Amino acid sequence: MKVKDWFADCARGAAMGLGMVPGVSAGTMGIIVNIYDKLVTNISNLKKQFIKSFLILLPIGLGLVISSVLVLALVHKTFNYAPIPILSAFAGIIIGSMPVITKELKGQKISANTILLMALGFIVAFGIGVLSVVSKIYWNFDLGTYFVSGVWWVYILTFLAGFVAAAAMIIPGISGAMILFIFGLYNPILDMFSMSNPNSVFNNPSRIPSVIGLTLCLIVGIVAGGLIAGKSMKDLLDKHKIGTFNVVAGFVVGSIGSMFCNQELVFIPEGGTDYVWYYSLDYTKAWMYILSIVLLIIFTLLFYFVSKKALKSSK
């Protein structure tokens, strides 16, 4: 492979790293930068031509890993400073990416079954966010705290979240990072490796065993989701494509609600005793709400055109 082509593939892999942003589909980005087919083909050829396929995948993987780390660090830092504007940007990405999903629903007649399937997807996605808030306010169930304590069932939850995220990524327009976010695991996972977090692996060496265990559970869940659930999702898309996308459409809309209603946005301020929302003007100033609207519009339009480009490229 020529040096120029090697760095070009590295850059295309870096574009796929944007899939670490909730709402951005790594698969969609791969289609846009014309690397998706090359990636899938060489992954499937690893058994037959390991060395050749590995060398082709290497620059793509390096770009993907480097970009993912930088994107995660940027998202984590900005989210802690201004959560509402960042969530608005995420929501704009999801709304703008809807053409990838609605394309599959064109021409179908609206029926009771259609509405039921969409409602099911919506209730599941939005219900996860609402339940996380209720559990934190009324039952003091703070997932971030349990993540630090390393209680046994957190490892199972991390595995399941990775499993579902990987399986969902088979569907065009679905973001694995978005799945982690509505599960309430996106920021707790980032906090494990954050230099600024006192309970990260860098500032609290006692957490090294639990962080290694949680990371392994996430990786195993992602691999298992991709290999096991991925095949099931593909069968669903082949045999029940319209019904599957009805559920997905409802799920994606419900996930927008979960973006703005989850336990990440509820906290007890220093010196306080009761939970408050970040929506309070004491924590999110008026100018941040204006910025939120601007970001929502910008990212909706940007990813609308990105989605249209992806659909055109996939043809």
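Leaving out neighbours within four places in sequence, Pro 269 is in contact with Asp 274, Val 276 and Tyr 283. The model behind this picture is a predicted one. Pro 269 sits in the loop that runs between strand E1 (266-267) and strand E2 (276-277). With a relative accessibility of 18%, Pro 269 counts as buried, because the cut-off for that label is under 20%. Phe 54 is another matter: 215 residues separate Pro 269 from Phe 54 along the chain, and their C-alpha atoms are 50 Å apart.

Past strand E2 comes another loop residue, Leu 281, placed between E2 and helix H14 (286-314). Here the relative accessible area is 54%, so Leu 281 is exposed. Once residues up to four places away in sequence are set aside, Leu 281 touches Ala 286 and Tyr 289. From Leu 281 to Thr 215 the C-alpha to C-alpha distance is 36 Å, with the two positions 66 residues apart in sequence.

Helix H5 comes next, starting with its own dimensions. H5 has 14 residues, which should span 20 Å at 1.5 Å a residue, and its end C-alpha atoms are indeed 20 Å apart. The helix is mostly covered, with 13 of its 14 residues buried.

What covers H5 can be followed partly through its helix partners. One of them is helix H13 (residues 241-260), whose axis comes within 9 Å of the axis of H5 (residues 83-96), with a crossing angle of roughly 175°. Angles over 145 degrees count as roughly antiparallel, so that is how H5 and H13 lie relative to each other. On the H5 side, the contact is made by Ile 84, Leu 87, Ser 88, Phe 90, Ala 91, Ile 94 and Ile 95, while H13 supplies Val 252, Ser 255, Ile 256, Met 259 and Phe 260. Sorted by type, the residues of this contact come out as 10 nonpolar, two polar and no charged.

Helix H4 (residues 50-81) is another partner, and its axis and that of H5 come within 6 Å, crossing at roughly 130°. H4 and H5 are therefore oblique to each other. The H4 residues involved are Val 75, Thr 78, Phe 79, Asn 80 and Tyr 81, and they meet Pro 83, Ile 86, Leu 87 and Phe 90 in H5. This contact divides into seven nonpolar residues, two polar and no charged. Leu 87 and Phe 90 of H5 thus turn up in the contact with H13 and again in the contact with H4.

Helix H7 brings in a lysine. Lys 136 lies in H7, and its relative accessible area is 7%, so this lysine is buried. Leaving aside neighbours within four places in sequence, Lys 136 is in contact with Phe 141, Asp 142, Gln 263, Val 266 and Tyr 275. Ser 97 is 39 residues from Lys 136 along the chain, and the C-alpha atoms of the pair are separated by 31 Å.

Where does Asn 140 sit? It is found in the loop between helix H7 (112-139) and helix H8 (143-149). Asn 140 has a positive phi of about 55°, although it is not a glycine. Most residues other than glycine have a negative phi. At 51% relative accessibility, Asn 140 counts as exposed, since the cut-off for that label is over 50%.

Another loop, between helix H10 (176-182) and helix H11 (186-191), holds Phe 183. Its relative accessible area of 24% makes Phe 183 partly exposed. Apart from neighbours within four places in sequence, Phe 183 is in contact with Ile 128, Leu 143, Leu 157, Ala 161 and Val 164. The C-alpha atoms of Phe 183 and Ile 60 are separated by 28 Å, and the two residues are 123 apart along the chain.

That leaves helix H1 and the cysteines. Helix H1 (residues 3-16) has 14 residues and reaches 20 Å from its first C-alpha to its last, close to the 20 Å expected at 1.5 Å a residue. Its buried residues are Asp 9, Cys 10, Gly 13, Ala 15 and Met 16. For Cys 10 the relative accessible area is 16%. Cys 261 also counts as buried, at 16% relative accessibility. As for disulfides, the structure holds zero of them.

Technical notes. Residues are numbered from 1 along each chain as its sequence is written. This is a predicted model: local features need pLDDT of at least 70, side-chain atom pairs count only at pLDDT 80 or more; totals for chains, interfaces and linings use all residues. Side-chain values use heavy atoms; hydrogens and water are left out. Helices (H or I, at least four residues) and strands (E, at least two) are DSSP runs, numbered from the N terminus. Buried means under 20% relative accessible area, exposed over 50%, partly exposed in between (1.4 Å probe, protein chains only). Axes are lines fitted to C-alpha atoms, for helices over the stretch in contact, and angles run from 0 to 180 degrees between N-to-C directions. Angles under 35 degrees count as roughly parallel, over 145 as roughly antiparallel, 65 to 115 as roughly perpendicular and the rest as oblique. Contact means heavy atoms within 4.5 Å. Ala, Val, Leu, Ile, Met, Phe, Trp, Tyr, Cys and Pro count as nonpolar, Asp, Glu, Lys and Arg as charged, and the others, Gly among them, as polar. A disulfide is a pair of cysteine sulfur atoms within 2.5 Å. The expected span of a helix is 1.5 Å times one less than its number of residues.
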